[in-house]
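Biologist: I would like a close look at one part of this structure. Please take me through a single sheet and whatever packs on it.

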Protein chains: 2
Amino acid sequence: MSLDRVLNAASVAIVGASRNPTKRGYQAIKTLLDQQFEGKIYPVNPKEKSVLGFKCYPKVSDIEEPVDLALITTPARTVPAIIEDCGKKGVKGAVIIAGGFRELGVEGKKLEQEMLEVGRKYHVRLIGPNTSGMMNLKNNLNLVGIRDVPKGDIALVSQSGNMALSLITEASVKSQKGFSYYVGVGNESDVKFHEYLEFFGNDPDTKAVLMYVEGMSEGRKFLQQAYRTTLQKPIILLKSGRSAAGKQSAGSHTGSLAGMSEVAHSAFERAGIIVIENPDELFPAAECLSSLPPIKNNSVAILADGGGHATIAADILTDLGVRIPELSKKTQARLKEILPFTASVRNPVDVAGGADADPSVFADCAKIMLNDHEVGGLLIVGLFGGYGIRFAESLTLIEEDAAHRLGKIVRKRNKPIVVHSLYSSKNTHPIELLRYYNIPVYDSLNVACKCIGVLAERGSYLNEYHAKVNFVLNWGAKAKPAGRKIIEDARKYGRRLLLEHEAKALLRLHGAPVSEDKLATTAEDAVRFAREMGGQVALKIVSPDILHKSDVGGVKLGLKAEDEIIRTFNEVIDNAKRFKPDADIRGVLVCPMAEPDLEVIIGTKIDDQFGPIIMFGVGGIMVEVLKDVSFRVLPISSVSAKKMMEEIRSAPILDGVRGNPPYDKKALRRLLVLCSDLVEAYPDIQEIDLNPIIVYNKGARVVDARILLKEEN
Amino acid sequence: MSLDRVLNAASVAIVGASRNPTKRGYQAIKTLLDQQFEGKIYPVNPKEKSVLGFKCYPKVSDIEEPVDLALITTPARTVPAIIEDCGKKGVKGAVIIAGGFRELGVEGKKLEQEMLEVGRKYHVRLIGPNTSGMMNLKNNLNLVGIRDVPKGDIALVSQSGNMALSLITEASVKSQKGFSYYVGVGNESDVKFHEYLEFFGNDPDTKAVLMYVEGMSEGRKFLQQAYRTTLQKPIILLKSGRSAAGKQSAGSHTGSLAGMSEVAHSAFERAGIIVIENPDELFPAAECLSSLPPIKNNSVAILADGGGHATIAADILTDLGVRIPELSKKTQARLKEILPFTASVRNPVDVAGGADADPSVFADCAKIMLNDHEVGGLLIVGLFGGYGIRFAESLTLIEEDAAHRLGKIVRKRNKPIVVHSLYSSKNTHPIELLRYYNIPVYDSLNVACKCIGVLAERGSYLNEYHAKVNFVLNWGAKAKPAGRKIIEDARKYGRRLLLEHEAKALLRLHGAPVSEDKLATTAEDAVRFAREMGGQVALKIVSPDILHKSDVGGVKLGLKAEDEIIRTFNEVIDNAKRFKPDADIRGVLVCPMAEPDLEVIIGTKIDDQFGPIIMFGVGGIMVEVLKDVSFRVLPISSVSAKKMMEEIRSAPILDGVRGNPPYDKKALRRLLVLCSDLVEAYPDIQEIDLNPIIVYNKGARVVDARILLKEEN
């Protein structure tokens, strides 16, 4: 159901309206009046006749005209009945301010559930509870009580009212940009993050979505929506609650699931979201991405007056993965013509005092530099905008001219300029002019660099978009009847774990390079199978009652001689019986021994937030000690599989070290995609664990496989 | 020689004095007048009779009275003659503004050298060249031209004039702190970083030293001085030029050696320096460290109104390695008494609106929280200082009271408080009061967290100080005559590389666990030695003409049978002769084969900036692919050796993985310290390379050793 009538409400009932100026129910109406809300206001309070000159109604359902939205300022326990009344009236949505729901434990959770059910019954969409409110800056529907919020084209979605206040304050102090909407998500009880995202994605007045998230309940739907939205407009997101103390703080705060898994970061990035970690960078990133063209070639030039800032900027941009290419000979020659002989013109460009008497040299340099097709964007660092303060007041006029020219260069070249100026907080006229032309100005060098960084990140994402997948699982489509039967057979016996030969059979069925094991029920069979296989074999007990085969002496490796095989077959069976006398023993798996080489691991599991995910790592110490693994939310493409292998720190091992030839990465890619396919094909699968897979210079072989099914409903 | 008469000069000659207001030689005198320099000013210019009312002298040596310092504003080529004139006059120091020296190549380098030699001859200490100047804020000796610099107790040492301007501007806008001195180090031609450091270490009016460094020429002396200074007062340092583009930028900027090695960061920290990477954090860190007590137990409490800021702060502090302990039951109970039931009191503490009508609750909470002995410092995040803006003007008065109380709590408990406030830039009276009490207030949550982080880092350093060493190498003290002879023998033949058996002999002499190899000159010897050793042996060619033994078939492993040993002995000799017919073959080394187990690597080398350093890593892929190594500047203590092993990512391997017992880390510690001792004992040693060392659960053995001597002078 669309949120249009909710977020663009033309009429609002204030439940809990009050004549007492210290009460929220008074302040809410006062704010709507002061901020000149363009719609209708209906105070609701059975104890009052009128509030602030408006007729006051005992109940929402007493209002004669239609009502789009209700702001509920009364305590938690009163909410379900009010929602019911709203529902009867045909109200489309309610903003619930009160805390005291899920975040306070069992009782609160029950109350939240009750409220939710009433809302669903009457099709009343609920924002919150436990929220600071919402604002529509277009029709001045301000239900928060923060006044004079700068208007603009950034939609703000926050799970913390204070973070929203921070960002709004920052916008008014440090920029000329502002907001189209603000939504305090609160407990995300009814309306979810992805629904807000869809709404803002479609809103023509929103050019970027800025999000502060502590936890979300529908991670996969969010990714699916984000994937679509980021093709149209940027999403900038800070996700907190990584640390134990942070999780606890978020928990007590919004009752949210702050413990989002470690896959979140890579999943967000894959959906095209700009993920921010330093809160200082959050609003500036949104400011830049909402108003400047992205950088298409990940390459930036730095323009400075004096070396220090340029040197630091080069370090930070390099850490961010942005290229700082040497300028072309032609560009360097042109710069030399206008700069003093002490200037450096390679990149960073240091005008070396060449601007002290004439700061318009920055516009001259910018024009030349952005003309270089190797340069995708420009970072100006130092004093620009403050030459009038630092040197002589008359320079301000020259800076104004330069600002006009810089603004036009951005438009003409469609390449962004970001400015660091230590006079940023002085808001000089040249700085105001730059901002007018969408050239942001920051006093933080770090923030200015990050802004260039996110413009490059966005450009690169849009360039590589074809490589993405849309986070939609196509359940069952690729399943095979024989595969379904393997799972059904296990289910028949109430087993959640497929036996090793069953798991391998399922893998083999879909083309995985699995060893050609055979199940022997007698020692003679085992000998015969071993002879057919040639070389050494391993024997492994097969029993639904024995999950950890090695621990009970159920696995024996490197056998060849007939008598050895017979003796070991019996030993393995005996060990199993000793472990569990009535064990259901299906036989002994005879497996040809794989040639030793590099071991890798592939695993899938179901993540609480995102659903099925996959993991890849190089086996042994790399995974166990160094936790050197990469994750993806399923399904994955072959390109994603390739990137997973490139992302781990031990990636060079796969390419061959010490003069060895490279390992067969194509075989591993196929195996990763195959695991992704299997999880899609068989919705019963909870976990796949291929450990180890031995990879060779040519080919790979799954040596051990474990597949766990979901609990049956 | 002391810098006292230079940095505290009571009289200054301005060489290049001018009547033209656009010239530096005019501005310098004007600034001294405007800023009320307490000493004497002597303009020098042969073409002028007087400047700004002062008598103008043709040469410095024409001045009748004594002159402490000369500011030279004339071009590079004029400088050596002026210094000579200064020297004849007995001037103690000169500040050389001009660029055009080393940073411009060979010609400039020559000029710089000439200038340096004149200065040395006449004992004139030189600041710069290529500097923005220096300032003494105590006697208003302002030779920079930045006006109204806030005074205070931070000494600023910067290799970039613009970074100095940034930091000074930031101080005046965002704090009540300021500077005792500023020195623009420029090319660091004569006076070095460590000399400034020594001076400011001894200056009673300086409480912290803030440094921006692009490169330094005497890294080890700097560490030695820093090690002493940081026991008395904190040093805060940002080192730029890490990236290729940054290095190039720094190079063109100050002609400094920006390419400081990757050991710098750990060496700086070991000397007790607070190393900063984000320039936003540089001044705030100095502000806090100069005026607040350090945190003694690395444990911090967070106090917030609303969860968002607290959650992010908890994440950032956790990333910084600061503990956020749960508060004691008693503390929690006391907080509950004064906070609403929705408040969270574990840590972070969220007053949950409890301050909206009475922000003095922050002072109440702070008192209770800092009373908890588990809490070493307090971070307040959110709106404090702006409740009067956000809610009702009258709250400002309550905040003022709270600010007074917070200030007194810091003094009484000797524990720091740092405040994040989104109203920081409004400079409200409560915020001014906090700053008056040395409680800094930041609008950046990230910066506020970092400030708590550096206070904790400083406290931890001072606690653990006993574990440090002083970076002084005690050349030769531990050498042994037999060791000296090994090196002399190699020198005698003009060899820089010790032969394997010589390197091992040197190691063995100092107690290293080296295999008991024997040098065989005949196949019969080899057989006899192998028999005495028992087990398998390796044979390795010994020839000063063959450096890469394996490459020429000079190493054979795993030999046991007599005939095999004889055959292989001859083969190894033949291979050597085939490689180089006239090779000087000393024989074949018979080495008992070491049991395979975990391989580690220890190496030493001479770093350009810091002199001898040592490296440790787990062998093979960990070092080669993952570059998983730790570094220390030599000498190292046993405690440092332990930390080196703990720092690498693969450290858990040493503790035993997959249920294996731990490896003998004590044996490796001894070996690390022994290598440190060897480098000290034998100043001839350029590099030691022990690769591999095999470490066991008990003991370790150096399997291959390589020692390279320095080039002879």
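Modeller: This is a predicted model. Start with a pair of strands in chain B. Strand 21 of chain B covers residues 537-542, and strand 23 of chain B covers residues 587-592. The two run antiparallel and are joined by six bridges. One facing pair can be picked out by name: Val542(B) sits opposite Gly587(B) of strand 23.

Two helices meet these strands. Helix 19 of chain B, residues 500-509, lies across strands 20, 21 and 23 of chain B. Its direction is at about 115° to that of strand 21 of chain B. Helix 20 of chain B, residues 523-533, also packs on the sheet. Helix 20 touches strand 20, strand 21 and strand 23 of chain B. Its direction makes about 15° with that of strand 23 of chain B.

Now the whole sheet. It is open, with four strands of chain B in the order 20-23-21-22. The pairing is antiparallel. Strand 20 (518-520) and strand 22 (555-559) of chain B are the edge strands. Each has a single partner strand, so one side of each has no neighbour in the sheet. From one strand to the next, the twist averages 25°.

Elsewhere in chain B, look at Ile302(B). The largest nonpolar core holds 482 residues. Ile302(B) is one of the four that touch the most other members, along with Ile236(A), Ile302(A) and Ile236(B). Beyond its neighbours within four places in sequence, Ile302(B) has contacts that include Ala310(B), Ile324(B), Pro348(B), Leu379(B) and Val381(B).

Conventions. Residues are numbered from 1 along each chain as its sequence is written. Chains are lettered from A and ligands numbered from 1 in the order in which they are written. This is a predicted model: local features need pLDDT of at least 70, side-chain atom pairs count only at pLDDT 80 or more; totals for chains, interfaces and linings use all residues. A nonpolar core is a set of buried Ala, Val, Leu, Ile, Met, Phe, Trp, Tyr and Cys residues joined through C-beta atoms within 7 Å. A residue is buried if 20 or more other C-beta atoms lie within 10 Å of its own, exposed if 12 or fewer, and partly exposed in between; C-beta atoms are placed from the backbone. Two residues are in contact if their C-beta atoms, placed from the backbone, lie within 7 Å. Two strands pair if DSSP finds at least two bridges between them. Axes are lines fitted to C-alpha atoms, for helices over the stretch in contact, and angles run from 0 to 180 degrees between N-to-C directions.
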